[in-house]
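Hi,

Here is the structure I promised to pass on. Have a look at it first, then read my notes below with the model open beside you.

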Amino acid sequence: MAKGPVPQTGDDELPFDMDEDIAVDERAFFGQPAKAAAPAKKAALPGREEHYHGHRERLRNRFRENGDTALADYEILELLLFRLIPRRDTKPIAKALIDRFGSLAGVFGAPAVLLQEIKGVGETVALDLKLISAIGHRALKSELKGKQVLSSWSSVVQYCHAAMAHETREQFRILFLDKRNALIADEVQGHGTVDHTPVYPREVVRRALELSATALILVHNHPSGDPTPSRADIDMTKMIIDAAKPLGIAIHDHIIIGKDGQASLKGLRLI
């Protein structure tokens, strides 16, 4: 029986033929001679993996005994990649991801298509990383739900930074609050280019009325990394304030998120 093509795992090219041993067993079962070289190849497999298997166990022990403080960022990422890429040395992949995106936050904030540009990261691994990122965002958001947002300001900023700082396009987000300033909803109202997002004050107010919101916190990101508000940011915010005020809707702040920090128009006394 002719050996069929090697099945694709969906992610990572392996440095050896995973199905060679399976093919040998199948030929033996049907009474056909196995390749003479196959037993030697099979015996070589454990030794080939040994150089990183011992490293994996040492890294797990360090984490088990000392927690994440004992590990560098790339090593934390390695621990995760152990599960996602079980038959590869993940240390160079973790280092390449950190080098390419600058930090752990940058890795998890990167679009899946860019993650796949790193050798060893396929579609499935990229989607798994985005899933883990989404879980982290949900966990931060759950800390805000139903709470008085103005008394949890650091949590608001932390959540917005995690959700938006590494977006490659501008994103305009609104936190809708009730009369107790508790979070009703968090919605992305629009996406734009690398330096502009169209915002329509009438649509902002209309959505606030639909949700029975009495206050808003406006948030958008600067993909450049610099959170300094532009003249257009200030003017747009004042237009929304003017549209919302007659309807009893307050604009508590407009936060601008950058990779290197954030800016509050209220804190800067610009509104």
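Let's begin with a quick one: does Glu117 count as buried or exposed? Glu117 has a relative accessibility of 52%, and the cut-off for exposed is over 50%, so Glu117 counts as exposed. Before going on, please keep in mind that this is a predicted model.

**Salt bridges**

Glu117 has a partner, too: its side chain meets that of Arg100 in a salt bridge, with 3.9 Å from N to O. Glu117 sits in the loop between α6 and α7, while Arg100 belongs to helix α4, so this pair ties together parts that are 17 residues apart in sequence. Arg100 is at 41% relative accessibility and therefore counts as partly exposed.

In total, the structure holds 10 salt bridges. Another one is between Asp186 and Arg173, whose closest N and O atoms are 2.9 Å apart. Asp186 is in strand β2 (residues 183-191) and Arg173 in strand β1 (residues 171-177), so here the pair ties together parts that are 13 residues apart in sequence. Both ends of this bridge are tucked away: Asp186 counts as buried at 12% relative accessibility, and Arg173 counts as buried at 7%.

A third example is Arg180 with Asp178, where the closest N and O atoms are 3.7 Å apart. Arg180 is partly exposed, with a relative accessible area of 45%, whereas Asp178 counts as buried at 19%. There is also a network: Glu187, Glu203, Arg206, Arg207 and Glu210 are joined into one by salt bridges that share partners.

Now for a charged residue without such a partner. Glu78 lies in helix α3. Glu78 is buried yet has no salt bridge. How far away is the nearest side chain of opposite charge? That side chain is Lys91, and the distance is 5.7 Å. A salt bridge needs the nitrogen and the carboxyl oxygen to be within 4 Å, so Lys91 does not make one with Glu78. If you skip the neighbours within four places in sequence, Glu78 is in contact with His55, Leu59, Thr90, Lys91 and Ala94.

**The nonpolar core**

In soluble globular proteins, nonpolar side chains tend to be buried together. In this model, the largest nonpolar core has 20 residues, and those that touch the most other members are Leu77, Leu81, Leu97, Leu115 and Val121. Which elements give two or more residues to this core? They are α3 (73-84), α4 (91-101), α5 (104-109), α6 (112-115) and α7 (123-142). The most comes from α4, which gives 5 residues.

Try clicking on Leu77. Again leaving aside neighbours within four places in sequence, Leu77 is in contact with Ala94, Leu97, Ile98, Leu104, Val107, Phe108 and Leu129.

**The sheet**

Further along the chain, there is an open sheet of 5 strands, in the order β2-β1-β3-β4-β5 and with mixed pairing. The edge strands are β2 and β5 (261-264), each of which pairs on one side only. On average, neighbouring strands of this sheet are turned by 20° against each other, direction ignored.

Inside the sheet, β1 pairs with strand β3 (residues 215-221) in the antiparallel sense, over 6 bridges. Find Phe172 and you will see that its bridge partner in β3 is His220. Helix α10 (residues 231-244) packs on the sheet and touches β1, β3 and β4 (250-258), and its direction makes about 155° with that of β4.

At the other side, a hairpin joins β4 to β5 through 2 residues. These two strands pair in the antiparallel sense over 4 bridges, and Ile257 stands opposite Gln262 in β5. Where do the side chains of β5 point? They alternate: Gly261 and Ala263 point to one face and are buried, while Gln262 and Ser264 point to the other and are not.

**One last loop**

Lys245 is found in the loop between α10 and β4. Lys245 counts as exposed, at 64% relative accessibility. Lys245 and Ala215 are 30 residues apart along the chain, and their C-alpha atoms are separated by 9.9 Å.

Have fun exploring!

Cheers

Technical notes
Residues numbered from 1 in each chain as written. Predicted model: local features only at pLDDT ≥ 70, side-chain atom pairs only at ≥ 80, totals over all residues. Heavy atoms only, no water. Core = buried A, V, L, I, M, F, W, Y, C linked by side-chain atoms within 4.5 Å. Buried < 20%, exposed > 50% of the residue type's maximum accessible area, 1.4 Å probe, protein only. Contact = heavy atoms within 4.5 Å. Pairing = 2+ DSSP bridges. Axes fitted to C-alpha atoms, helices over the stretch in contact; angles between N-to-C directions. Lys, Arg positive; Asp, Glu negative; His and termini not counted.
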